[in-house]
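Thanks for coming. I have one structure to go through today, and I will keep it short.

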Amino acid sequence: MASRWLLFLPGLVAVCAVHGIFMDRLASKKLCADDECVYTISLARAQEDYNAPDCRFINVKKGQRIYVYSKLVYGDQQEDEMGTVGYFPRNLVQEQHVYQEATKEVPTTDVDFFCE
């Protein structure tokens, strides 16, 4: 099953956008540890640099620690502070520690793919 992961980079603060655009959904479902996708699934480390192709994704540097909160599911249709949020290819990282299994299948919403 193909997937992309949602992550938060430690030390960066998320900012609410006043203006933006709803981009096409990357998937119709995501896997989470809980129904609201607020619990960390795993800690991963980037194995290489990644330059985001658009605003739904994030730039990642090799060696960067990444906290994973959800994993997009494809197939049917299509540190303490919260940091940068976005998606990246799963083969970009190696999971170092699994905190909880991602067993809850949750529908994605337009907000999951909102760009400033």
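I will take one strand, then the nonpolar cores, then the disulfides. Keep in mind that this is a predicted model.

Let me start with strand E5, residues 65-73. Is this strand largely enclosed or largely open? Of its 9 residues, 8 are buried, so E5 is largely enclosed by the rest of the structure.

Which strands pair with E5? One is E3, residues 29-32, which runs antiparallel to E5 over 3 bridges. In that pairing, Leu31 sits opposite Lys71 of E5. Another is E4, residues 42-46, also in the antiparallel sense, with 4 bridges to E5. There, Arg45 is placed opposite Arg65 of E5. As background, side chains in a regular strand alternate between the two faces of the sheet.

Next, the cores. The largest nonpolar core has 16 residues, and the members that touch the most others are Val60, Ile66 and Val93. Three elements give two or more residues to this core: E4, E5 and strand E6, which spans 85-89. E5 contributes the most, with 3 residues. Apart from that there is a second, separate core of 5 residues, including Leu31, Ala33, Val73 and Ala102. Leu31 has come up already, as the residue opposite Lys71.

Now the disulfides. A disulfide is a covalent bond between the sulfur atoms of two cysteines. How many are there in this model? The count is 2.

The pair I take to begin with is Cys32 and Cys37, with the sulfur atoms 1.8 Å apart. The angle about the S-S bond is 75°, and the link of Cys32 and Cys37 is right-handed. Cys32 has a relative accessible area of 0%, so it is buried. Cys37 is at 10% relative accessibility and counts as buried too, because the cut-off is under 20%.

The other pair is Cys55 and Cys115, where the sulfur atoms are 1.9 Å apart. Here the angle about the S-S bond is 100°, and this link of Cys55 and Cys115 is right-handed. Are the two ends buried or exposed? Cys115 is buried, at 1% relative accessible area. Cys55 has 39% relative accessibility; it counts as partly exposed because that value lies between the 20% and 50% limits.

With the bonded cysteines numbered in sequence order, the pairing reads 1-2, 3-4.

To recap: E5 pairs with E3 over 3 bridges and with E4 over 4, and E5 gives 3 residues to the largest core. That is what I have.

Key:
Residues numbered from 1 in each chain as written. Predicted model: local features only at pLDDT ≥ 70, side-chain atom pairs only at ≥ 80, totals over all residues. Heavy atoms only, no water. Buried < 20%, exposed > 50% of the residue type's maximum accessible area, 1.4 Å probe, protein only. Pairing = 2+ DSSP bridges. Core = buried A, V, L, I, M, F, W, Y, C linked by side-chain atoms within 4.5 Å. Disulfide = S-S within 2.5 Å.
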